[in-house]
Amino acid sequence: MKKFTTWLEDRFVPVMNKANGNIWVLTIKDSINLLLPVIMLGSFFCLLSILEEYITLPFSFWTGYDWTIGKLSLFISFLIPFNFCEKKKYRNHRFAAAISGLIIFMIVATPQIETSKDIGFSSSALGAGGMFVAIITGVLVSLVFEILHSFSFFKKDSVLPGFVKNMFDMMIPMGLIVLVGWLGVQVGNIDVYAIIQEAFKPLTSFIQTLPGWILFDFALVFLYSLGISNWVLSPITEPVTLAAIAANVLMASEGVANASDLNMFTQELRFSTYMMIGGTGCTLPLVFMLLRAKSQKLKTMGRVGLVPSLFNINEPIVYGCIAWNPLLMIPMWLTAIILPCVIWVFTKIIAFAPIPAMVFNLWYCPYPVSTWLITRSINAILLMLICFVIAAMIYYPFFKVYDKQEYEQEQKALQK
(Lines give C-alpha, C1' and ligand atoms only; values in the text may rest on other atoms or scores of the structure.)
Protein backbone atom coordinates (compact mmCIF):
# COMPACT_ATOMS: atom_id res chain seq x y z
CA MET A 1 0.00 0.00 0.00
CA LYS A 2 2.89 2.33 0.77
CA LYS A 3 4.36 1.84 -2.73
CA PHE A 4 0.95 2.50 -4.27
CA THR A 5 0.49 5.68 -2.20
CA THR A 6 3.98 6.88 -3.17
CA TRP A 7 3.21 6.27 -6.84
CA LEU A 8 -0.04 8.20 -6.55
CA GLU A 9 1.64 11.12 -4.84
CA ASP A 10 4.71 11.30 -7.08
CA ARG A 11 3.29 10.30 -10.46
CA PHE A 12 -0.50 10.28 -10.68
CA VAL A 13 -1.47 13.43 -8.78
CA PRO A 14 0.92 15.79 -10.65
CA VAL A 15 -0.45 14.51 -13.97
CA MET A 16 -4.06 15.00 -12.86
CA ASN A 17 -3.33 18.46 -11.46
CA LYS A 18 -1.73 19.37 -14.78
CA ALA A 19 -4.80 18.08 -16.63
CA ASN A 20 -7.04 20.01 -14.25
CA GLY A 21 -5.14 23.18 -15.15
CA ASN A 22 -5.28 22.60 -18.91
CA ILE A 23 -6.86 25.60 -20.65
CA TRP A 24 -9.41 23.47 -22.52
CA VAL A 25 -10.52 21.63 -19.38
CA LEU A 26 -10.70 24.93 -17.49
CA THR A 27 -12.65 26.60 -20.31
CA ILE A 28 -15.28 23.85 -20.49
CA LYS A 29 -15.50 23.52 -16.68
CA ASP A 30 -15.93 27.26 -16.18
CA SER A 31 -18.51 27.45 -18.97
CA ILE A 32 -20.55 24.67 -17.34
CA ASN A 33 -20.15 26.33 -13.93
CA LEU A 34 -21.57 29.56 -15.33
CA LEU A 35 -24.65 27.60 -16.41
CA LEU A 36 -25.34 26.20 -12.92
CA PRO A 37 -27.76 29.05 -12.01
CA VAL A 38 -29.67 28.32 -15.24
CA ILE A 39 -29.73 24.58 -14.46
CA MET A 40 -30.91 25.21 -10.90
CA LEU A 41 -33.61 27.58 -12.14
CA GLY A 42 -34.75 24.91 -14.58
CA SER A 43 -34.82 22.46 -11.67
CA PHE A 44 -37.22 24.74 -9.80
CA PHE A 45 -39.51 24.97 -12.82
CA CYS A 46 -39.44 21.18 -13.15
CA LEU A 47 -40.26 20.83 -9.44
CA LEU A 48 -43.13 23.33 -9.68
CA SER A 49 -44.58 21.39 -12.60
CA ILE A 50 -45.72 18.79 -10.05
CA LEU A 51 -48.51 21.23 -9.16
CA GLU A 52 -49.94 20.82 -12.64
CA GLU A 53 -50.79 17.21 -11.79
CA TYR A 54 -53.18 18.39 -9.07
CA ILE A 55 -54.23 21.93 -10.07
CA THR A 56 -55.43 23.33 -13.39
CA LEU A 57 -53.33 26.41 -14.09
CA PRO A 58 -53.69 29.03 -16.87
CA PHE A 59 -49.99 28.53 -17.70
CA SER A 60 -47.38 25.78 -17.65
CA PHE A 61 -44.17 25.69 -15.64
CA TRP A 62 -42.72 23.58 -18.44
CA THR A 63 -42.37 26.80 -20.45
CA GLY A 64 -39.86 28.07 -17.90
CA TYR A 65 -38.11 24.71 -18.03
CA ASP A 66 -37.87 24.94 -21.82
CA TRP A 67 -36.30 28.41 -21.68
CA THR A 68 -33.63 27.22 -19.20
CA ILE A 69 -32.71 23.51 -19.42
CA GLY A 70 -34.15 23.43 -22.93
CA LYS A 71 -31.54 25.92 -24.21
CA LEU A 72 -28.36 24.68 -22.49
CA SER A 73 -26.53 23.79 -25.71
CA LEU A 74 -27.27 27.22 -27.11
CA PHE A 75 -25.76 28.84 -24.01
CA ILE A 76 -22.67 26.61 -23.93
CA SER A 77 -21.91 27.30 -27.61
CA PHE A 78 -21.68 30.99 -26.68
CA LEU A 79 -19.76 30.57 -23.40
CA ILE A 80 -16.91 28.29 -24.50
CA PRO A 81 -15.38 30.67 -27.10
CA PHE A 82 -16.02 33.62 -24.77
CA ASN A 83 -14.24 31.98 -21.83
CA PHE A 84 -11.41 30.73 -24.01
CA CYS A 85 -10.67 34.27 -25.21
CA GLU A 86 -10.90 35.51 -21.62
CA LYS A 87 -8.32 32.98 -20.44
CA LYS A 88 -6.00 33.69 -23.38
CA LYS A 89 -6.47 37.41 -22.75
CA TYR A 90 -7.88 38.04 -26.24
CA ARG A 91 -10.31 40.52 -24.75
CA ASN A 92 -11.03 42.30 -28.05
CA HIS A 93 -12.05 38.98 -29.59
CA ARG A 94 -14.28 37.47 -26.90
CA PHE A 95 -17.68 38.72 -28.09
CA ALA A 96 -16.92 38.04 -31.75
CA ALA A 97 -15.81 34.52 -30.79
CA ALA A 98 -18.89 33.95 -28.62
CA ILE A 99 -21.26 35.13 -31.35
CA SER A 100 -19.40 32.96 -33.87
CA GLY A 101 -19.89 29.98 -31.56
CA LEU A 102 -23.60 30.70 -31.39
CA ILE A 103 -23.88 31.06 -35.16
CA ILE A 104 -21.99 27.89 -36.06
CA PHE A 105 -23.92 25.85 -33.51
CA MET A 106 -27.22 27.06 -34.98
CA ILE A 107 -25.99 26.23 -38.49
CA VAL A 108 -24.93 22.74 -37.36
CA ALA A 109 -28.24 22.18 -35.50
CA THR A 110 -30.39 23.32 -38.42
CA PRO A 111 -30.74 19.85 -40.06
CA GLN A 112 -31.97 18.46 -36.73
CA ILE A 113 -34.46 21.29 -36.31
CA GLU A 114 -35.76 20.82 -39.85
CA THR A 115 -36.04 17.04 -39.44
CA SER A 116 -37.92 17.31 -36.15
CA LYS A 117 -40.10 20.10 -37.62
CA ASP A 118 -39.67 22.02 -34.36
CA ILE A 119 -38.81 25.22 -36.18
CA GLY A 120 -37.63 28.08 -34.00
CA PHE A 121 -36.60 27.73 -30.38
CA SER A 122 -38.62 24.67 -29.39
CA SER A 123 -36.25 22.05 -30.81
CA SER A 124 -34.69 19.58 -28.40
CA ALA A 125 -31.43 19.98 -30.38
CA LEU A 126 -30.87 23.24 -28.48
CA GLY A 127 -31.20 21.60 -25.07
CA ALA A 128 -29.12 19.28 -22.94
CA GLY A 129 -29.05 16.61 -25.65
CA GLY A 130 -26.85 18.77 -27.85
CA MET A 131 -24.20 19.54 -25.23
CA PHE A 132 -21.45 17.50 -26.86
CA VAL A 133 -22.17 19.16 -30.21
CA ALA A 134 -22.05 22.61 -28.60
CA ILE A 135 -18.76 21.78 -26.85
CA ILE A 136 -17.14 20.57 -30.08
CA THR A 137 -18.29 23.58 -32.12
CA GLY A 138 -17.24 25.90 -29.29
CA VAL A 139 -13.77 24.37 -29.18
CA LEU A 140 -13.40 24.61 -32.98
CA VAL A 141 -14.39 28.28 -32.94
CA SER A 142 -11.88 28.87 -30.14
CA LEU A 143 -9.14 27.25 -32.23
CA VAL A 144 -9.92 29.52 -35.19
CA PHE A 145 -9.63 32.60 -32.98
CA GLU A 146 -6.45 31.19 -31.42
CA ILE A 147 -4.89 30.97 -34.89
CA LEU A 148 -6.16 34.31 -36.21
CA HIS A 149 -6.17 36.48 -33.07
CA SER A 150 -3.00 38.33 -34.07
CA PHE A 151 -4.09 39.00 -37.65
CA SER A 152 -4.91 42.61 -38.51
CA PHE A 153 -5.51 44.61 -41.67
CA PHE A 154 -3.89 47.62 -40.04
CA LYS A 155 -0.48 48.56 -38.71
CA LYS A 156 -0.06 49.21 -35.00
CA ASP A 157 0.55 52.92 -35.60
CA SER A 158 -2.65 53.31 -37.64
CA VAL A 159 -4.59 56.48 -36.80
CA LEU A 160 -7.95 54.73 -37.18
CA PRO A 161 -10.02 54.39 -33.98
CA GLY A 162 -9.64 51.06 -32.18
CA PHE A 163 -13.27 50.04 -32.63
CA VAL A 164 -13.00 50.50 -36.41
CA LYS A 165 -9.89 48.31 -36.61
CA ASN A 166 -11.50 45.65 -34.40
CA MET A 167 -14.64 45.64 -36.53
CA PHE A 168 -12.74 44.80 -39.71
CA ASP A 169 -10.29 42.43 -38.04
CA MET A 170 -13.11 40.37 -36.50
CA MET A 171 -14.69 39.86 -39.91
CA ILE A 172 -11.95 37.40 -40.97
CA PRO A 173 -12.38 34.69 -38.28
CA MET A 174 -16.14 35.22 -38.11
CA GLY A 175 -16.49 35.13 -41.90
CA LEU A 176 -14.35 31.98 -42.14
CA ILE A 177 -16.44 30.18 -39.50
CA VAL A 178 -19.77 31.13 -41.09
CA LEU A 179 -18.53 30.32 -44.62
CA VAL A 180 -17.24 26.85 -43.67
CA GLY A 181 -20.41 26.10 -41.72
CA TRP A 182 -22.67 27.28 -44.52
CA LEU A 183 -20.79 25.42 -47.26
CA GLY A 184 -20.50 22.23 -45.26
CA VAL A 185 -23.99 22.01 -43.74
CA GLN A 186 -26.32 23.94 -46.04
CA VAL A 187 -24.59 23.50 -49.41
CA GLY A 188 -22.81 20.20 -48.85
CA ASN A 189 -25.71 18.68 -46.87
CA ILE A 190 -23.34 17.29 -44.23
CA ASP A 191 -25.22 16.60 -40.98
CA VAL A 192 -22.41 17.58 -38.62
CA TYR A 193 -24.76 17.42 -35.63
CA ALA A 194 -25.57 13.76 -36.31
CA ILE A 195 -21.91 12.92 -36.96
CA ILE A 196 -20.80 14.35 -33.60
CA GLN A 197 -23.68 12.68 -31.76
CA GLU A 198 -22.82 9.36 -33.40
CA ALA A 199 -19.15 9.74 -32.44
CA PHE A 200 -20.05 10.16 -28.75
CA LYS A 201 -22.80 7.53 -28.78
CA PRO A 202 -20.53 4.66 -27.59
CA LEU A 203 -19.46 6.75 -24.58
CA THR A 204 -22.97 7.87 -23.67
CA SER A 205 -24.26 4.31 -24.07
CA PHE A 206 -21.43 2.77 -22.01
CA ILE A 207 -21.75 5.24 -19.15
CA GLN A 208 -25.43 4.25 -18.75
CA THR A 209 -24.47 0.60 -18.22
CA LEU A 210 -23.64 -0.73 -14.76
CA PRO A 211 -19.89 -1.16 -15.54
CA GLY A 212 -19.79 2.34 -17.05
CA TRP A 213 -21.55 3.83 -14.06
CA ILE A 214 -19.18 2.11 -11.63
CA LEU A 215 -16.11 3.16 -13.64
CA PHE A 216 -17.01 6.84 -13.81
CA ASP A 217 -18.22 7.14 -10.22
CA PHE A 218 -15.14 5.28 -8.99
CA ALA A 219 -12.96 7.71 -10.96
CA LEU A 220 -14.84 10.63 -9.40
CA VAL A 221 -14.48 9.30 -5.84
CA PHE A 222 -10.89 8.19 -6.42
CA LEU A 223 -9.82 11.66 -7.54
CA TYR A 224 -11.71 13.30 -4.68
CA SER A 225 -9.99 11.07 -2.14
CA LEU A 226 -6.66 12.34 -3.48
CA GLY A 227 -7.75 15.93 -2.96
CA ILE A 228 -8.29 16.52 -6.70
CA SER A 229 -11.46 18.29 -7.75
CA ASN A 230 -13.75 15.83 -9.52
CA TRP A 231 -14.74 18.72 -11.81
CA VAL A 232 -11.81 17.57 -13.94
CA LEU A 233 -14.26 14.97 -15.33
CA SER A 234 -17.06 17.47 -15.94
CA PRO A 235 -16.38 17.92 -19.69
CA ILE A 236 -17.34 14.24 -20.01
CA THR A 237 -19.90 13.66 -17.25
CA GLU A 238 -21.96 16.88 -17.38
CA PRO A 239 -23.11 16.57 -21.01
CA VAL A 240 -23.94 12.91 -20.39
CA THR A 241 -25.92 13.46 -17.19
CA LEU A 242 -27.81 16.49 -18.49
CA ALA A 243 -28.79 14.70 -21.70
CA ALA A 244 -29.71 11.57 -19.74
CA ILE A 245 -32.10 13.30 -17.33
CA ALA A 246 -33.62 15.35 -20.18
CA ALA A 247 -34.33 12.07 -21.98
CA ASN A 248 -35.89 10.63 -18.81
CA VAL A 249 -38.11 13.71 -18.44
CA LEU A 250 -39.23 13.38 -22.06
CA MET A 251 -40.07 9.67 -21.63
CA ALA A 252 -42.04 10.46 -18.48
CA SER A 253 -44.00 13.25 -20.19
CA GLU A 254 -44.87 10.87 -23.05
CA GLY A 255 -45.91 8.09 -20.66
CA VAL A 256 -43.23 5.64 -21.83
CA ALA A 257 -40.90 5.81 -18.83
CA ASN A 258 -40.13 2.11 -18.36
CA ALA A 259 -37.35 1.08 -15.96
CA SER A 260 -35.59 -0.79 -18.75
CA ASP A 261 -35.32 2.38 -20.86
CA LEU A 262 -34.64 5.08 -18.26
CA ASN A 263 -31.09 6.35 -17.79
CA MET A 264 -29.34 5.66 -14.48
CA PHE A 265 -26.22 7.83 -14.69
CA THR A 266 -27.82 11.16 -13.81
CA GLN A 267 -26.99 13.75 -11.18
CA GLU A 268 -30.52 13.35 -9.85
CA LEU A 269 -30.21 9.64 -9.11
CA ARG A 270 -26.64 9.75 -7.81
CA PHE A 271 -26.53 13.03 -5.90
CA SER A 272 -30.11 13.63 -4.81
CA THR A 273 -32.06 10.37 -4.66
CA TYR A 274 -30.09 7.35 -3.49
CA MET A 275 -26.32 7.41 -3.51
CA MET A 276 -24.27 10.44 -2.44
CA ILE A 277 -25.79 10.85 1.03
CA GLY A 278 -23.80 13.57 2.75
CA GLY A 279 -21.79 14.26 -0.38
CA THR A 280 -19.54 12.41 -2.82
CA GLY A 281 -18.63 9.02 -1.37
CA CYS A 282 -21.77 8.75 0.79
CA THR A 283 -19.95 10.13 3.84
CA LEU A 284 -22.87 11.00 6.14
CA PRO A 285 -22.70 7.58 7.93
CA LEU A 286 -19.03 8.28 8.62
CA VAL A 287 -19.91 11.67 10.13
CA PHE A 288 -22.24 10.00 12.64
CA MET A 289 -19.45 7.56 13.53
CA LEU A 290 -17.01 10.42 14.04
CA LEU A 291 -19.44 11.98 16.53
CA ARG A 292 -19.14 8.80 18.66
CA ALA A 293 -15.36 8.41 18.25
CA LYS A 294 -13.05 7.85 21.23
CA SER A 295 -10.52 10.18 19.65
CA GLN A 296 -11.19 13.82 20.53
CA LYS A 297 -9.73 14.87 17.20
CA LEU A 298 -12.18 12.72 15.24
CA LYS A 299 -15.09 13.67 17.48
CA THR A 300 -14.34 17.35 16.82
CA MET A 301 -14.13 16.63 13.09
CA GLY A 302 -17.59 15.04 13.26
CA ARG A 303 -19.04 18.09 15.00
CA VAL A 304 -17.47 20.46 12.47
CA GLY A 305 -18.68 18.41 9.50
CA LEU A 306 -22.20 17.50 10.67
CA VAL A 307 -24.21 20.50 9.51
CA PRO A 308 -22.47 20.86 6.11
CA SER A 309 -22.84 17.11 5.55
CA LEU A 310 -26.59 17.28 6.14
CA PHE A 311 -26.64 19.58 3.10
CA ASN A 312 -24.31 17.24 1.15
CA ILE A 313 -21.23 19.43 1.59
CA ASN A 314 -18.49 17.10 2.75
CA GLU A 315 -15.24 18.98 2.01
CA PRO A 316 -14.51 19.36 5.77
CA ILE A 317 -14.76 15.59 6.21
CA VAL A 318 -12.93 14.63 3.02
CA TYR A 319 -10.03 17.03 3.45
CA GLY A 320 -10.04 16.64 7.23
CA CYS A 321 -9.77 12.88 7.56
CA ILE A 322 -10.26 10.98 4.25
CA ALA A 323 -7.91 12.46 1.65
CA TRP A 324 -4.60 10.59 1.55
CA ASN A 325 -5.68 8.40 4.47
CA PRO A 326 -5.77 4.80 3.14
CA LEU A 327 -7.90 3.65 6.09
CA LEU A 328 -10.79 5.85 4.91
CA MET A 329 -9.96 6.18 1.22
CA ILE A 330 -10.58 2.46 0.65
CA PRO A 331 -14.15 2.39 2.06
CA MET A 332 -14.91 5.58 0.12
CA TRP A 333 -13.81 3.81 -3.07
CA LEU A 334 -15.89 0.76 -2.16
CA THR A 335 -19.08 2.84 -1.93
CA ALA A 336 -18.60 3.81 -5.59
CA ILE A 337 -18.53 0.12 -6.54
CA ILE A 338 -21.10 -1.44 -4.22
CA LEU A 339 -23.84 1.20 -4.07
CA PRO A 340 -24.39 1.39 -7.86
CA CYS A 341 -24.83 -2.40 -7.88
CA VAL A 342 -27.41 -2.23 -5.09
CA ILE A 343 -29.32 0.62 -6.74
CA TRP A 344 -29.22 -1.12 -10.12
CA VAL A 345 -30.73 -4.29 -8.64
CA PHE A 346 -33.53 -2.47 -6.80
CA THR A 347 -34.47 -0.15 -9.70
CA LYS A 348 -33.61 -1.93 -12.96
CA ILE A 349 -33.95 -5.62 -12.08
CA ILE A 350 -36.50 -5.79 -9.27
CA ALA A 351 -38.12 -2.38 -9.98
CA PHE A 352 -38.61 -1.88 -6.24
CA ALA A 353 -37.95 1.87 -6.39
CA PRO A 354 -38.35 4.39 -9.23
CA ILE A 355 -35.62 5.87 -11.43
CA PRO A 356 -35.69 9.69 -11.34
CA ALA A 357 -37.42 11.35 -14.29
CA MET A 358 -37.29 14.93 -13.01
CA VAL A 359 -34.60 17.58 -13.31
CA PHE A 360 -33.46 18.32 -9.77
CA ASN A 361 -30.02 19.88 -9.68
CA LEU A 362 -30.50 21.11 -6.10
CA TRP A 363 -27.81 18.77 -4.75
CA TYR A 364 -27.65 20.68 -1.45
CA CYS A 365 -31.20 19.63 -0.53
CA PRO A 366 -30.95 17.22 2.44
CA TYR A 367 -31.78 13.52 2.15
CA PRO A 368 -34.45 12.13 2.30
CA VAL A 369 -36.29 15.35 1.40
CA SER A 370 -34.71 15.39 -2.05
CA THR A 371 -35.51 11.69 -2.50
CA TRP A 372 -39.18 12.33 -1.81
CA LEU A 373 -39.40 15.47 -3.97
CA ILE A 374 -37.87 13.67 -6.97
CA THR A 375 -39.77 10.39 -6.71
CA ARG A 376 -42.68 10.89 -4.27
CA SER A 377 -42.15 7.23 -3.39
CA ILE A 378 -41.87 5.56 0.00
CA ASN A 379 -39.97 2.73 -1.67
CA ALA A 380 -37.41 5.24 -2.89
CA ILE A 381 -36.85 6.44 0.68
CA LEU A 382 -36.48 2.82 1.81
CA LEU A 383 -33.85 2.21 -0.89
CA MET A 384 -32.04 5.38 0.16
CA LEU A 385 -31.97 4.08 3.75
CA ILE A 386 -30.66 0.71 2.52
CA CYS A 387 -27.83 2.54 0.77
CA PHE A 388 -27.14 4.51 3.97
CA VAL A 389 -26.92 1.31 6.03
CA ILE A 390 -24.68 -0.42 3.48
CA ALA A 391 -22.36 2.60 3.37
CA ALA A 392 -22.24 2.56 7.18
CA MET A 393 -21.30 -1.13 7.13
CA ILE A 394 -18.52 -0.40 4.62
CA TYR A 395 -17.06 2.49 6.62
CA TYR A 396 -17.43 1.00 10.13
CA PRO A 397 -14.52 -1.52 10.33
CA PHE A 398 -12.11 0.97 8.74
CA PHE A 399 -13.32 3.74 11.03
CA LYS A 400 -12.81 1.57 14.13
CA VAL A 401 -9.18 0.91 13.21
CA TYR A 402 -8.58 4.59 12.44
CA ASP A 403 -10.29 5.74 15.64
CA LYS A 404 -8.20 3.29 17.69
CA GLN A 405 -4.97 4.57 16.15
CA GLU A 406 -5.87 8.22 16.74
CA TYR A 407 -7.03 7.50 20.31
CA GLU A 408 -3.81 5.69 21.17
CA GLN A 409 -1.71 8.53 19.76
CA GLU A 410 -3.69 11.02 21.82
CA GLN A 411 -3.16 8.94 24.99
CA LYS A 412 0.57 8.72 24.35
CA ALA A 413 0.71 12.47 23.83
CA LEU A 414 -1.12 13.03 27.14
CA GLN A 415 1.28 10.72 29.00
CA LYS A 416 4.26 12.61 27.65
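Mentor: A helix here is a DSSP run of H or I with at least four residues, a strand is a run of E with at least two, and both are numbered from the N terminus. The model is predicted.

Trainee: With that settled, how many helices and how many strands does the chain have?

Mentor: The chain has 416 residues. Its secondary structure comes to 18 helices and zero strands.

Trainee: What box do the C-alpha atoms of the chain fill?

Mentor: The box is taken along the principal axes. Its sides are roughly 80 × 60 × 35 Å.

Trainee: What percentage of the residues in the chain is buried?

Mentor: A residue is buried when its relative accessible area is under 20%. Of the 416 residues in the chain, the buried share is 48%.

Trainee: What span should helix 11 have at 1.5 Å a residue?

Mentor: Helix 11 covers residues 234–253, which is 20 residues. The rise is multiplied by one less than the number of residues. The end C-alpha atoms of helix 11 are 28 Å apart, and this agrees with the expected span of 28 Å.

Trainee: Is helix 11 mostly covered or mostly open, and how many of its residues are buried?

Mentor: Helix 11 is mostly covered. Gly255, which has a positive phi near 75°, follows the helix. Of the 20 residues in helix 11, the number buried is 14.

Trainee: Which residues touch the most other members of the largest nonpolar core?

Mentor: This core has 65 residues. The members that touch the most others are Tyr274 and Ile322.

Trainee: Which helix gives the largest share of this core?

Mentor: The largest share of this core is 12 residues. They come from residues 378–415, that is, from helix 18.

Trainee: Where does this core lie with respect to the domains?

Mentor: Domain 1 spans 1–189 and domain 2 spans 200–413. Both domains give residues to the core, so the core lies between domain 1 and domain 2.

Trainee: Which helices each supply at least two residues of the nonpolar patch on the surface?

Mentor: The patch is formed by Leu41, Phe44, Phe288, Val307, Leu310, Phe311, Ile313, Trp363 and Tyr364, with about 780 Å² of accessible area together. One helix that supplies at least two of its residues spans 36–48 and another spans 296–310. They are helix 3 and helix 14.

Trainee: Why can Trp363 count as a member of a patch?

Mentor: Trp363 sits in the loop between helix 16 (326–349) and helix 17 (369–375). A patch residue needs over 30% relative accessible area. Trp363 is partly exposed and passes that cut-off, because its relative accessible area is 37%.

Trainee: Which residues does the cis peptide bond join?

Mentor: Pro368, one of the two, is also in the loop between helix 16 and helix 17. Omega of the bond is about -5°. The residues joined are Tyr367 and Pro368.

Trainee: Is Lys89 buried or exposed?

Mentor: Lys89 has a phi near 65°, a positive value in a residue other than glycine. Its place is the loop between helix 5 (72–87) and helix 6 (94–116). The relative accessible area of Lys89 is 68% and exposed means over 50%, so Lys89 is exposed.

Trainee: Is Asn312 buried or exposed?

Mentor: Asn312 is not a glycine either, yet its phi is positive, about 65°. The loop between helix 14 and helix 15 (315–322) holds Asn312. With a relative accessible area of 9%, Asn312 is buried.

Trainee: How many salt bridges are found in the whole structure?

Mentor: Side chains of opposite charge can pair when their charged atoms come close. One pair is Lys71 and Asp66, with the closest N and O atoms 3.3 Å apart. Lys71 is buried at 1% relative accessibility, while Asp66 is partly exposed at 27%. The search of the whole structure gives a count of seven.

Trainee: Which residues do salt bridges with shared partners join into one network?

Mentor: Arg91 pairs with Glu86, the closest N and O atoms being 3.0 Å apart, and Arg94 pairs with Glu86 at 2.6 Å. Arg91 is partly exposed at 47% and Glu86 is partly exposed at 26%, whereas Arg94 counts as buried at 19%. The network therefore consists of Glu86, Arg91 and Arg94.

Conventions. Residues numbered from 1 in each chain as written. Predicted model: local features only at pLDDT ≥ 70, side-chain atom pairs only at ≥ 80, totals over all residues. Heavy atoms only, no water. Patch = residues over 30% accessible without salt bridge, like charges linked within 9 Å, V, L, I, M, F, W, Y side chains within 5 Å. Areas by Shrake-Rupley, 256 points an atom, 1.4 Å probe, with all protein chains shown as cover. Salt bridge = Lys/Arg side-chain N within 4 Å of Asp/Glu carboxyl O. Buried < 20%, exposed > 50% of the residue type's maximum accessible area, 1.4 Å probe, protein only. Core = buried A, V, L, I, M, F, W, Y, C linked by side-chain atoms within 4.5 Å. Domains from an automatic or database assignment.
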